[in-house]
Amino acid sequence: MKRNAIFFVLLFSLLFLVIGCSKTDVAGTESEKEKLSLEIIETISEEWKSSGHQYAVTATAGRGISCGKCHDGVGFAEQLEYADIDFQPDHQTGIDCQACHTGFGKERIDTGTAKLPFMDETFNGGTGAVCASCHNSNSNPDVLFAQSEAGELSRYSYPHYGMNAALLTGQGGMEIPGANYLVSIAHSTIEDSCVFCHMPETEKGYKSHTFKADLKYFDQTCGSCHVDQTIKTFNIGGLQDEIKEQLAKLEQAILDATGAVRIEAASGSFTYYDAEGNQITDIPHEAYVATYNWRLVAKDGSYGVHNPLYAKSLIRESYKYLTGEDL
Ligand code: HEC
Ligand code: HEC
Ligand code: HEC
Ligand code: HEC
Ligand code: HEC
């Protein structure tokens with residue numbers, strides 16, 4: 001009996017101890033969590049402010065939803081609700097939190113799907129589908145190729161800035177029928193696509209919002225597949241150097257074939273200038289195709305990393321088409 005009493009006293013004090021502890025534990029975790037998340041939002045906002053997304057590209061202001069669907073945060077988030085002419089805001093918005101976390105942007109993150117101008121099928125990019133909705137070159141090169149071949153191009157249209165998904169998917173280049181294109185499937189099918197490499201998880205446990213491919217996270221991004229610990233560079237195997245060299249050769253071949261000394265890209269189209277500064281208007285079809293792919297790879301900014309085999313193929317096949325020779 002005495003032993004039992006002692007046992008129960010012990011048991012109850014133990015129970016109280018456990019309940020008491022767990023109560024303070026829960027309360028402590030909750031308030032800590034709240035404080036942490038506010039801190040995290042502040043950090044995320046700071047990171048976002050370090051990116052180009054915070055600014056609106058003013059050249060696109062007042063030009064309706066055709067530019068606003070990628071250049072105005074509100075226009076992007078609500079693009080399905082505006083007809084072309086109806087979207088004329090008094091002020092432009094950058095690519096802000098609501099652009100990606102409400103409306104059309106949120107839907108891309110939640111469904112993991114996007115429609116890209118050069119693909120019939122839906123792009124399944126996981127959370128990266130939101131990035132690909134804007135960073136896709138805004139053109140369908142197959143249509144341009146056909147028009148160019150038939151001599152029906154109204155102007156020498158170029159792939160728009162932010163052509164990253166055109167390369168990453170291995171489908172958005174100007175392909176020559178019958179030519180041979182290889183694709184680095186390992187890169188084009190990475191889970192969450194752009195987000196995997198451009199928004200890695202930080203030490204504090206949230207996804208980085210600088211949107212940069214940062215070498216600091218090499219182990220987590222590239223290093224998850226490229227396990228050789230002696231390389232900590234994006235220039236794996238010298239690919240970026242090789243691509244830069246090949247781009248210079250392709251550019252020279254375009255200049256030789258057209259008689260141009262300089263090619264400008266402005267207001268949506270290429271302009272070719274001769275040594276006297278006069279515009280050359282009669283550009284051979286093959287030279288246009290080569291110029292398109294040259295800009296696509298050169299302005300993507302990854303120098304082949306987005307899709308090593310596809311970037312190489314685009315340069316190689318364009319060069320061959322233009323010069324009849326191997327690069
Ligand atoms: C609503 C369209 C839109 C979306 C969605 C979008 N971007 Fe951008 N992005 C832009 C524009 C416009 C710029 C150019 C901003 C400027 O003028 O510097 C840009 C610039 C960039 C740059 C260049 C570096 C910099 O800081 O300016 C990177 C890298 C980038 N975006 C990555 C991403 C990633 C990764 C995602 C997805 C998480 C994404 N973007 C989603 C429109 C978008
Ligand atoms: C499919 C999405 C999309 C559409 C539509 C679009 N853009 Fe862009 N544009 C982008 C992205 C993404 C970038 C930024 C790429 C980067 O910096 O990496 C960009 C960059 C630019 C830049 C260069 C900005 C800089 O700071 O260097 C200009 C200028 C521009 N766009 C003008 C326009 C105009 C004008 C229109 C409408 C006729 C338009 N864009 C429509 C996605 C788009
Ligand atoms: C999901 C796995 C995976 C990730 C993540 C990945 N790679 Fe790759 N990468 C591969 C595979 C597999 C190949 C070889 C086959 C091919 O080209 O498709 C490759 C090829 C390459 C090549 C071609 C040169 C060579 O060695 O043949 C370069 C350069 C490259 N990757 C760089 C990068 C960089 C830089 C990152 C990070 C920003 C990265 N990769 C992330 C799997 C990956
Ligand atoms: C395999 C990893 C990987 C994937 C996936 C990836 N990127 Fe990149 N991206 C890179 C690397 C590496 C660079 C080059 C950074 C450097 O050299 O500093 C780069 C460069 C860029 C740049 C140019 C940055 C600048 O400052 O000019 C933009 C914009 C960009 N990527 C957007 C995207 C978008 C959009 C997607 C998805 C469609 C994507 N990336 C998918 C690794 C990746
Ligand atoms: C260009 C698109 C883009 C912009 C702009 C953007 N985010 Fe995000 N954000 C994302 C993506 C993609 C994720 C990852 C979603 C996922 O994994 O489910 C994310 C995740 C988050 C998360 C969850 C963190 C985590 O690790 O899961 C928070 C919180 C967040 N964003 C806050 C913000 C705030 C605040 C802003 C504005 C200062 C902002 N975001 C701007 C694309 C964006």
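In what order do the three strands of the open sheet run, and is their pairing parallel or antiparallel? The order is 3-4-5, and the pairing is antiparallel. Before selecting these strands, note how the model is described.

**Ground rules**

This is a predicted model, in which local features need pLDDT of at least 70, side-chain atom pairs count only at pLDDT 80 or more, and totals for chains, interfaces and linings use all residues. Residues are numbered from 1 along each chain as its sequence is written, while chains are lettered from A and ligands numbered from 1 in the order in which they are written.

**Whole chain**

Show the chain as a cartoon. It has 13 helices and five strands; helices (H or I, at least four residues) and strands (E, at least two) are DSSP runs, numbered from the N terminus. Of the 327 residues in the chain, 31% are buried. Here a residue is buried if 20 or more other C-beta atoms lie within 10 Å of its own, exposed if 12 or fewer, and partly exposed in between, with C-beta atoms placed from the backbone. Among contacts with a separation of 6 or more, 58% join residues 24 or more positions apart; two residues are in contact if their C-beta atoms, placed from the backbone, lie within 7 Å.

**Stop 1: the sheet**

Select 262–266 and 279–280. These are strand 3 and strand 5, the edge strands, and each pairs on one side only. Two strands pair if DSSP finds at least two bridges between them.

Now add strand 4, residues 269–273. Strand 3 and strand 4 pair over five bridges in the antiparallel sense, with alanine 266 opposite serine 269. The two strands form a hairpin with two residues between them, and serine 267 in the turn has a positive phi of about 50°.

On the other side, strand 4 and strand 5 pair over two bridges, again antiparallel. Tyrosine 272 has isoleucine 280 as its bridge partner, and tyrosine 273 stands opposite glutamine 279. This hairpin has five residues between its strands, and glycine 277 in the turn has a positive phi of about 85°.

Turn on the side chains of strand 4. In a regular strand the side chains alternate between the two faces of the sheet. Phe270 and Tyr272 point to one face and are buried, while Ser269, Thr271 and Tyr273 point to the other and are not.

**Stop 2: ligand 1**

Select ligand 1 and the 23 residues around it; Gly52, Phe76, Cys131, Cys134 and His198 come nearest. A residue is near a molecule if its C-beta atom, placed from the backbone, lies within 6 Å of it. Helix 2 (65–71), helix 4 (97–101), helix 6 and helix 10 each supply at least two residues of this shell, and helix 10 gives the most, with three residues. By class, the shell around ligand 1 has 14 nonpolar, eight polar and one charged residues. Ala, Val, Leu, Ile, Met, Phe, Trp, Tyr, Cys and Pro count as nonpolar, Asp, Glu, Lys and Arg as charged, and the others, Gly among them, as polar.

**Stop 3: ligand 3**

Move to ligand 3, which has 19 residues around it; Ser184, Ala186, Cys222, Cys225 and Leu239 come nearest. Helix 9 (185–188) and helix 13 (308–323) each supply at least two residues of the shell. The largest share, three residues, comes from helix 9. The shell around ligand 3 holds 13 nonpolar, six polar and no charged residues.

**Stop 4: ligand 4**

Next, ligand 4 has 22 residues around it, and His135, Cys194, Cys197, Ala213 and Gly301 come nearest. Helix 6 (129–132), helix 8 (164–168) and helix 10 (193–198) are the elements giving two or more residues to this shell. Helix 10 provides the largest share, five residues. The shell around ligand 4 splits into 11 nonpolar, 11 polar and no charged residues.

**Stop 5: the core and arginine 108**

Select Ala132 and Ala290. They have the most contacts inside the largest nonpolar core, which has 50 residues. Such a core is a set of buried Ala, Val, Leu, Ile, Met, Phe, Trp, Tyr and Cys residues joined through C-beta atoms within 7 Å. Helix 12, residues 285–299, supplies the largest share of this core, eight residues. Leaving out residues up to four places away in sequence, alanine 132 touches Ala114, Leu116, Phe123, Gly125, Ala165, Ser193 and Cys194.

Finish at arginine 108, in helix 5 (residues 103–111). Why does arginine 108 count as buried? Arginine 108 counts as buried because it has 25 C-beta neighbours inside 10 Å. Measure from its C-alpha to that of valine 130: the two residues are 22 apart in sequence and 5.0 Å apart in space. Again leaving out residues up to four places away in sequence, arginine 108 touches Thr113, Ala114, Ala129, Val130 and Ser133.
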